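Biologist: I would like to learn how to read the features of a model like this one, one feature at a time. Could we start with what is meant by calling a residue buried?

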Amino acid sequence: MGDWKTITVPVLSSDSKNILQYTSERKISPTSMNSQVLHLPLPSSKNMHSFFSAFCTEENIEQSISYIDRELTTLGFPSIYAESKGKELNLVSIINCMNELLVLQHKNLRVQEEVEMQHLKLGSDMDHLQNCYAKLKEQLELSKREIVGLQERDRQLQSKNRNLHQLLKNEKDEVQKLQNIISSRATQYNHDMKRKEREYNKLKERLHQLVMNKKDKKLAMEVLNYVGRADGKRGAWRTDKTEARNEEEMYKVLLSDYEQRQKQLLLENAELKKVLQQMKKDIISLLPPQKQKPKERSEDGLVLSDLEEDIGELNKENMWELSCETVREQLTNSIRKQWRMLKNHVEKLDNQVSRGHSGVLNEKDVISREDHELETEKLELEIQQCKEMIKTQQQLLQQQLTCDDDTTLLLQDCYLLEERERLQEEWRLFREQKKNFEKERKSFTEAAIRLGLERKAFEEDRGAWLKHQFLSMTADCKHSENVTSPSAFLRSKYLVQIMFLHGSDQDNRLAKSASWQRKPPSVLSAPVSAEPCQTSQCITQNSVASEKPAADNMPNLWVESDDKEETE
Amino acid sequence: ASCLQHRLVVRDASSLQILQLYTCLDQIQYIEWSSDSLFVLCAMYKRGIVQVWSLEQPDWHCKIDEGSAGLVASCWSPDGRHILNTTEFHLRITVWSLCTKSVSYIKYPKACQQGVAFTKDGRYVAVAERRDCKDFISIFVCNNWQLLRHFDTDTQDLFGIEWAPNGCVLAAWDTCLEYKVLLYSLDGRLLSSYRAYEWPLGIKSIAWSPSSQFLAVGSFDEKVRILNHVTWKKITEFDHPATIASKKTIVYKEVEKSPTVETERLSFPPTRALASSLFSTQSKYEISQVPVSLQYVKPVADRANPKVGVGMLAFSADNCFLATKNDNIPNAVWIWDIRKLKLSVVLEQLCTIQCFQWDPSQPRLAVCTGSSRVYLWSPAGCVVVQVPGEGDFQIVSLSWHSTGDSIVLLSKENFCVCYLEREEV
């Protein structure tokens, strides 16, 4: 787009002609035409004025009019002349032409503006694109360089790799070579060794011959006397039988060893089979039962049922004794199957757990929380109820404590009456018992008094008898029998009396009295010169003393004796 | 019994009282008791004479003269009435009978480390032979020395044979140039052969477990391979690395502790006991924290029979432990638990281990390292026992009593007996 300068008229005319020719010659786009045409700068008013005055002066008016007419006609406007002939101007057509020219000018200006705007836009786009292009070019350069670098590295590494491979091959070849060398040397050495050994053997043979030939005069072995064999047996000749026996023994030894080992192995096998059976049972118990989840475990259920049949079969057979291939295989196969099932089960559980952890967790949380809340509400309700109950009970208690007088009195009266009646009953019982006791006491005291009287009588008798005895003893010799007979007599007397005293007494009382009876003889053997009262005291004392070691079955007697003493 | 120059001294085992004193013709090189402990044989290799003495009758004497055949080795037969003499250059083995004064010859015996092996019950003897550059094994019945079986072995150069304690399997192994273990049954059939690898140096030592269940094979690659008696295949291998990293092994390290001397008790002139205690260093065991790195000795590469690999193997009597020594790590004894097939204890000593032996009755191990201390290990713990006495008593080897109550400690010139108290239960 070239710049259009303001030029003088003659030049302009020629230029405009050129332009017209240019426009007529080159069929360019209307826009470019417009732009070209647009680039005709709008001269300033001054310039316009000078321009106009420059174009049309008074001298060349007709020339300029004709020129303008020609221009207009070429442009397609009607001629400004009135008619073809004459030089009179058609004012209307001139004004029309002018108007049209103005309109055209306006249009052209607008178009120019638009074109300029577009031009600017395009310019900026172009700049932008140029920038992008520059950047991309840079990037392209960089990547190209990188590629080149990487390719270099790759080449280097490949060459290194090749070198290493080569080295490895070389080393392997060397190793192979060395091994070959070693083996060849080894064979050579073996051969040499064998040769030398043969020589050596020859020498040894020679030496042996020499040694054997040389007969030593002295005996090779001298022993003072023969020593018996360790096991005491005699030496045996070497015969075929002994050889056979040797073989036999050797085989026996081997066989016993093999038998022992076989026994051990059998034991081991049995134990291992037991362990496997146990494991099978454990695995079966670990696996989930079929009934609960039939959907999931339908397959497993079928397998399980099959297995259970197998298990039943196997258990029927006597495992310990059979050790044939089929049984062993069955056992191992069944265990393997179950182990696989257990593995699957565990995997499923793991999946469930992981699923539960990842996706379904929230719902579960919510559910659990709801449950938790429900439970807490329930518990709170319960607590409330309990509290209310406690309150009511407290109120009741309070009422009880602080209720109306009448009711309290009544209540108290009731309680009191009850208690009174109870107490009265007890008192009655107590009094009855007291009476009984007093009766018994009286009877016992009477019995004791009687006892005392009888004792006194007995003592008097005894005293008299002793005196008699003493007198008689001085005259006659001592008769020990006499000592016993009176005691026996006394004893029987006592027995009778005591039986009379205690009518319906128990046996132990009798026994006690019997033990009591034993004391009197000792008492009797006490110093003879004793007065009756003293003896009676001794007796009472002894009786008391004898009562003490006896059982406490006789508190009454105790009481009785005390009473008796008190009364005395 | 001990020998001194040309005298044989017999002492009582519990009191070390001299019971008998015998004089032989020459310097004694080797003595051995007969199996019933009634006779002692004294072998004098230089003169080629074996003299036998009786304990019951001190006047009884017996002299076996090999003459110009020479004598290289001599041993009793298990019945205690025959003596097997190996002549020089392993020309033959002569079996002398004390009962009948008869002689038998075994030809072409093999000149190897363990060429003659008796079964534990003393019924059979296996002799390694070599004829025409091929190895053979002959099995004889010890009763009447009759040949039972004679078969060839698939070895390059048979190095040793050993019976299993149950007397039914014979293990034969090849030289260290070839790793090969062959297992033969009593009747000469080849049960199995085991080969771990081909080219490097092979087997260094072999030991049977007391129950005949396991055969431990120690090799020059510092590993022990255990074969089981059912399939005769390797069930495990034990490695002996220089660093122990497993947390389950206990490492006992012998540590010297400086002797504490109380200055108040010093007297002048110093008593002998005090002087010896001052100069002899005490040591005790300490438990080292895992990981532990042991002293590793790299052997000289161009010498034969290098000090590499597992050189000593011993099973405990109750079949629970295996003690091994890796010659690369000469100061350590490795104790493996056979029930768990794992390394359980490592004993690290200050000096090179000379010899170790298990107690025949309990799982107790006695170790000696050439110092004047004997080291005892049992699953309950380990203890260092100082040999009391003046001067240095450098223990070179030791031997347990069959009841497990005492140990004989041998040094170059002296020996002493260590008595172990039994705990009152």
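Modeller: A residue counts as buried when its relative accessible area is under 20%, as exposed when that value is over 50%, and as partly exposed in between. Please keep in mind throughout that this is a predicted model. With that cut-off in hand, Trp358(B) is buried, and Trp377(B) is buried as well.

Biologist: What kind of aromatic pair do Trp358(B) and Trp377(B) form?

Modeller: The pair is edge-to-face, with 6.2 Å from centre to centre and 80° between the planes. Trp358(B) belongs to strand 32 (residues 355-358) of chain B and Trp377(B) to strand 34 (residues 373-378) of chain B, so that the pair links distant parts of the chain, 19 residues apart.

Biologist: How many aromatic pairs are there over all chains, and which of them is a stacked one?

Modeller: The structure holds 12 aromatic pairs over all chains. One of them is formed by Phe238(B) and Trp336(B), which counts as stacked because the ring centres are 4.1 Å apart and the planes lie at 10°, where stacked requires planes under 30 degrees apart. This pair, too, links distant parts of the chain, with Phe238(B) in strand 23 (residues 234-239) of chain B and Trp336(B) in strand 30 (residues 332-337) of chain B, 98 residues apart. Phe238(B) has a relative accessible area of 2% and is therefore buried, and Trp336(B), at 4%, counts as buried too. Elsewhere, Phe39(B), Trp60(B) and Trp76(B) form one aromatic cluster.

Biologist: Which sheet holds strand 32 and strand 34 of chain B, and in what order do its strands lie?

Modeller: In general, strands of a sheet pair through backbone hydrogen bonds, either parallel or antiparallel. Here four strands of chain B form an open sheet in the order 32-33-34-35, and the pairing is antiparallel. Strand 32 and strand 35 (381-386) are the edge strands, each pairing on one side only, and neighbouring strands of this sheet are turned by 20° against each other on average, direction ignored. Within the sheet, strand 33 (residues 365-368) and strand 34 of chain B run antiparallel and are joined by four bridges, with Leu365(B) standing opposite Trp377(B) of strand 34.

Biologist: Is strand 18 of chain B mostly covered or mostly open, and what are its pairing partners?

Modeller: Strand 18 (residues 181-185) of chain B is mostly covered, five of its five residues being buried. Both of its faces are covered, with Val181(B), Leu183(B) and Ser185(B) on one side and Leu182(B) and Tyr184(B) on the other. Strand 17 (residues 169-174) of chain B pairs with strand 18 in the antiparallel sense over five bridges, Val169(B) standing opposite Ser185(B), and these two strands form a hairpin with six residues between them. Strand 19 (residues 190-194) of chain B also pairs with strand 18 in the antiparallel sense, over four bridges, and there Val181(B) stands opposite Tyr194(B). The hairpin of strand 18 and strand 19 of chain B has four residues between the strands, and in it Gly188(B) takes a positive phi near 90°.

Biologist: Turning to charged side chains, how many salt bridges are there over all chains, and where do the partners of Arg81(B) and Asp36(B) lie along the chain?

Modeller: Side chains of opposite charge can pair when their charged atoms come close. The structure holds 26 salt bridges over all chains. In one of them, the closest N and O atoms of Arg81(B) and Asp36(B) are 3.0 Å apart. Arg81(B) lies in the loop between strand 8 (73-76) and strand 9 (82-86) of chain B, and Asp36(B) in the loop between strand 4 (30-33) and strand 5 (39-44) of chain B, 45 residues apart. Arg81(B) counts as buried because its relative accessibility is 6%, whereas Asp36(B), at 28%, is partly exposed.

Biologist: What other salt bridges are worth reading beside that one?

Modeller: Asp359(B) and Arg364(B) meet in a salt bridge with 3.0 Å from N to O, and both residues are buried. Salt bridges that share partners also join Glu197(A), Lys110(B), Arg130(B), Asp135(B) and Asp157(B) into one network.

Terms used:
Residues are numbered from 1 along each chain as its sequence is written. Chains are lettered from A and ligands numbered from 1 in the order in which they are written. This is a predicted model: local features need pLDDT of at least 70, side-chain atom pairs count only at pLDDT 80 or more; totals for chains, interfaces and linings use all residues. Side-chain values use heavy atoms; hydrogens and water are left out. A salt bridge is a side-chain nitrogen of Lys or Arg within 4 Å of a carboxyl oxygen of Asp or Glu. Buried means under 20% relative accessible area, exposed over 50%, partly exposed in between (1.4 Å probe, protein chains only). Rings of Phe, Tyr and Trp (its six-membered ring) pair if their centres lie within 6.5 Å; planes under 30 degrees apart count as stacked, over 60 as edge-to-face and the rest as tilted. Two strands pair if DSSP finds at least two bridges between them. Axes are lines fitted to C-alpha atoms, for helices over the stretch in contact, and angles run from 0 to 180 degrees between N-to-C directions.
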